[in-house]
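This report describes one protein chain, starting with its overall build and ending with a few single residues. Keep the structure in view while reading.

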Amino acid sequence: MKIDSGGRLHHSDDGFQFIPSPNYDDRPEGVEITLLVIHSISLPPGEFEGNGIIDLFTNQLNQQAHSYYATIAGLKVSSHFLIRRDGEIIQFVPCQRRAWHAGVSNWNNKERCNDFSLGIELEGSDTTPFTDAQYSTLTALTQCLRKHYPITDIAGHADIAPGRKTDPGPYFDWARYRSSLQKQHRDQIFDRRE
């Protein structure tokens with residue numbers, strides 16, 4: 001996989017699609033992409049493989065489809081990428097643009113993490129382990145992004161919005177993810193996790 005000059009991912013097989021979200025804007029001028037934020041999401045909560053996430057990120061969520069949807073009606077959010085349970089990647093926002101994934105956030109004493117980050121959503125929850133396919137795809141996507149952008153830190157949504165967010169949650173295996181990245185990037189700084 002590779003990123004083109006417009007910030008769009010290109011993948012050699014069928015495990016990728018681009019579905020544009022309207023929920024983005026321009027990054028501040030001169031700001032570099034230095035942070036990768038890992039999220040998790042499922043819609044309806046705890047359910048996988050439907051179109052709820054896509055509908056949320058494209059402002060097409062049907063409030064009548066599930067009782068939970070009324071609680072997030074009108075929410076304007078997006079992420080750069082979603083990795084589904086089977087490892088499929090969906091891109092919603094080009095990397096050069098600022099996706100609305102982090103909300104009120106702070107990393108290394110810098111607020112507004114959307115300005116300098118990329119967001120990757122994993123289809124999952126705080127109560128379910130992630131799949132082997134998701135770890136494999138996440139590792140490959142991270143390596144691709146690190147080749148194109150000066151990413152120095154990787155954090156969870158809970159790390160940049162403590163007390164407000166819990167994702168990617170206790171079932172995300174940071175050690176496994178770190179180990180898979182370090183096999184090819186031993187000399188790069190990962191994040192502040194020990």
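## Overall build

The chain contains 4 helices and 12 strands. The model is predicted. For 194 residues, a compact globule would have a radius of gyration near 16 Å, and the chain agrees with this because its own value is 16 Å. Measured out along its principal axes, the C-alpha trace spans about 50 × 40 × 35 Å.

Of the 194 residues, 51% are buried. The chain exposes about 9,600 Å², and carbon and sulfur atoms supply 46% of that area. Contacts can also be sorted by sequence separation: among those between residues at least 6 apart in sequence, 71% join residues at least 24 apart. The chain carries 20 positive and 25 negative charges, and the mean positions of the two sets are 3 Å apart.

## Strand 5 and its partners

Which residues of strand 5 are buried on one side and which on the other? On one side are L35, V37, H39 and I41, and on the other are L36, I38 and S40. Both faces of the strand are therefore covered, since a residue counts as buried under 20% relative accessible area. In total, 7 of the 7 residues in strand 5 are buried.

Strand 5, residues 35–41, has strand 11 and strand 12 as partners. With strand 11 (residues 117–123) it runs parallel, and 7 bridges join the two. In this pairing L36 stands opposite L118. Strand 5 and strand 12 also pair in the parallel sense, over 4 bridges. Here L35 stands opposite D153.

Strand 12 covers residues 153–156. D153 and A155 point one way from this strand, while I154 and G156 point the other way. These four residues of strand 12 are all buried.

## Backbone details

Most residues other than glycine have a negative phi, and most peptide bonds are trans. The table lists places in this chain that depart from that pattern.

| Residue or bond | Feature | Value |
|---|---|---|
| L43 to P44 | cis peptide bond | omega about -10° |
| D167 to P168 | cis peptide bond | omega near 15° |
| N59 | positive phi, not a glycine | phi about 60° |
| N108 | positive phi, not a glycine | phi about 50° |

Where do these residues lie? P44 is in the loop between strand 5 and helix 1 (52–57). P168 is in the loop between helix 3 (157–160) and helix 4 (174–182). N59 belongs to the loop between helix 1 and strand 6 (81–83), and N108 to the loop between strand 9 (106–107) and strand 10 (110–111).

Are N59 and N108 buried or exposed? N59 counts as partly exposed because its relative accessibility is 32%. N108 also counts as partly exposed, because its value is 34%. Partly exposed is the class between under 20% and over 50%.

## An exposed loop residue

S12 sits in the loop between strand 2 (9–10) and strand 3 (16–18). Its relative accessible area is 75%, so S12 is exposed. S12 and G46 are 34 residues apart along the chain, and their C-alpha atoms are separated by 31 Å.

Definitions and conventions
Residues numbered from 1 in each chain as written. Predicted model: local features only at pLDDT ≥ 70, side-chain atom pairs only at ≥ 80, totals over all residues. Heavy atoms only, no water. Rg over C-alpha atoms; globule rule 2.2 N^0.38 Å. Buried < 20%, exposed > 50% of the residue type's maximum accessible area, 1.4 Å probe, protein only. Contact = heavy atoms within 4.5 Å. Areas by Shrake-Rupley, 256 points an atom, 1.4 Å probe, with all protein chains shown as cover. Lys, Arg positive; Asp, Glu negative; His and termini not counted. Charge placed at Lys NZ, Arg CZ, Asp CG, Glu CD. Pairing = 2+ DSSP bridges.
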